[in-house]
Amino acid sequence: MTGVGRLQGKAAVITGAASGIGRAAAVLFAMEKAKLVLADLDEAALQETLGMVKKEGGEAIIKKTNVALEQEMKELIDLAIKQYGRVDILCNNAGITGHMTDLERQDADDWLKVFNVNVMGAVFGTKHVAAHMQERRSGAIVNTASVAGVRSGAGGNAYSASKAAIINFTQTSACDLGGYNVRVNAVCPGLIETGMTKPVFDYARKVGKEEKLGSRCELRRYGLPVEVAYAILFLASDEASYITGQALPVDGGNTASLNLPGMKV
Ligand SMILES: NC(=O)c1ccc[n+]([C@@H]2O[C@H](COP(=O)([O-])OP(=O)(O)OC[C@H]3O[C@@H](n4cnc5c(N)ncnc54)[C@H](O)[C@@H]3O)[C@@H](O)[C@H]2O)c1
């Protein structure tokens, strides 16, 4: 356990905790002494995350949850309050990409599936934790958006639109809850090696183009889940006590540049 207790005494709920960024956040939060409720659709992988958290000496429970279903998100928040008597932090992190098809071949079902997980999951979580946090006049919500929600080029139309929606929901819910000392922020990861991006990484490695991965961002490399988790930790912690309604890129400088082809050495 190498943390310094930045989340000592706090209880946190993290969705999408069975893999990638959510798993990294779970382990990091445990190292910083938060008590955890970890949620995901994938129960077996969630068990693995629990093992990693326990290895760090962390305290956690897991709950199989489909974030797209309001009742399941309500039950998740209720469980956390029952277990620890409080929820100080909610990380709405679960997400899916949806299909990457040409615009003219996209169907409403795929768009709705992406929006139900990426947008409504965060809406349901925020809705059901809001009264509790308002009453305690304390809380921090961190949504995992994406650079895809800021500019085109990092995902399909539905995925990008869903991430733009979550950035905007971060702003509107921050305004709704700010008067209660409840902060709402987002992180916008660039290309990170996780379960979601595995096909891209596998393909690049297979065709010998690994050096291309992340090469168009200013740091000229892809990111690691823990590098996003550290940004989530900061926004969730009291160190970010005067920050709300913001969407922080964690993208190696990707969104800082127009990155015009042929303009880089
Ligand atoms: N990896 C990247 O490059 C990248 C970039 C920008 C944003 N993001 C965002 O980061 C977040 C985490 O994704 P990741 O990259 O760690 O991918 P991941 O696939 O490794 O993890 C996502 C997790 O969400 C879970 N999940 C999916 N649908 C769910 C549902 N309906 N209910 C509950 N859990 C569900 C999955 O089972 C999985 O464990 C997502 O919101 C994603 O959009 C990722």
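**Exercise 1. Find how S1 is held between its partners.** In this predicted model, how many bridges join S1 to S2, and how many join strand S1 to strand S4?

*Solution.* Start with S1 and S2: they run parallel and are joined by five bridges. For a landmark on that side, take Thr15, whose bridge partner in S2 is Ala39. Now turn to the other pair. Strand S1 (residues 11-15) and strand S4 (residues 89-92) also run parallel, with three bridges between them. Here you can use Ile14, which has Cys91 as its bridge partner in S4.

**Exercise 2. Lay out the sheet.** In what order do the seven strands come, and which ones stand at the edges?

*Solution.* Reading across the open sheet, you get S3-S2-S1-S4-S5-S6-S7, with parallel pairing. Strand S3 (59-64) and strand S7 (247-250) each have a single partner strand, so they stand at the edges with one side lacking a neighbour in the sheet. Ignoring direction, neighbouring strands are turned by 15° against each other on average.

Next, add the helices. Helix H3 (residues 70-84) lies across S1, strand S2 (35-40) and S3, and runs at about 160° to S2. Helix H7 (residues 225-236) packs on the sheet too, where it touches S1, S4, strand S5 (139-144), strand S6 (182-189) and S7. The direction of H7 makes about 165° with that of S6.

**Exercise 3. Check the cover on S2.** Which residues of S2 lie on each of its faces, and are they buried or exposed?

*Solution.* Go face by face. One side carries Lys35, Val37 and Ala39, the other Leu36, Leu38 and Asp40. Every one of these is buried, so both faces count as covered by the definition of burial, 20 or more other C-beta atoms within 10 Å. As a tally, that's six of six residues in S2.

**Exercise 4. Compare two residues.** Are Val67 and Ala45 buried, partly exposed or exposed?

*Solution.* Val67 sits in the loop between S3 and H3. Count its C-beta neighbours inside 10 Å: there are 26, so Val67 is buried. Setting aside residues within four places in sequence, the contacts of Val67 are Thr15, Met73, Ala94, Val117, Gly121, Phe124 and Gly125.

Ala45 belongs to helix H2 (residues 43-55). The same kind of count gives 15 for Ala45, so this residue is partly exposed. Beyond four places in sequence, Ala45 is in contact with Ala18, Ser19 and Asp40. Arg23 is 22 residues away from Ala45 in sequence, but the two C-alpha atoms are 9.5 Å apart.

**Exercise 5. Trace the nonpolar core.** Which residues have the most contacts inside the largest nonpolar core?

*Solution.* This core has 76 residues, and the ones to look for are Ala12, Val13, Leu36 and Ile232. Its largest share, eleven residues, is supplied by helix H4 (residues 108-136). Then pick Val13 and list its contacts more than four places away in sequence: Val37, Ala39, Leu76, Ile77, Ala80, Val87, Leu90 and Cys91. As background, nonpolar side chains in soluble globular proteins tend to be buried together.

**Exercise 6. Describe the ligand shell.** Which residues come nearest to the ligand, and how does the shell divide by type?

*Solution.* The shell holds 28 residues, of which Gly16, Gly20, Gly95, Gly195 and Met196 come nearest. Sorted by type, the shell has twelve nonpolar, 14 polar and two charged residues. Finally, ask where they come from: helix H1 (residues 20-31) gives the largest share, three residues.

Key: Residues numbered from 1 in each chain as written. Predicted model: local features only at pLDDT ≥ 70, side-chain atom pairs only at ≥ 80, totals over all residues. Near = placed C-beta within 6 Å. Helix = DSSP H or I, 4+ residues; strand = E, 2+ residues; numbered from the N terminus. Nonpolar A, V, L, I, M, F, W, Y, C, P; charged D, E, K, R; others polar. Pairing = 2+ DSSP bridges. Axes fitted to C-alpha atoms, helices over the stretch in contact; angles between N-to-C directions. Contact = placed C-beta atoms within 7 Å. Buried ≥ 20, exposed ≤ 12 C-beta atoms within 10 Å, placed from the backbone. Core = buried A, V, L, I, M, F, W, Y, C linked by C-beta atoms within 7 Å.
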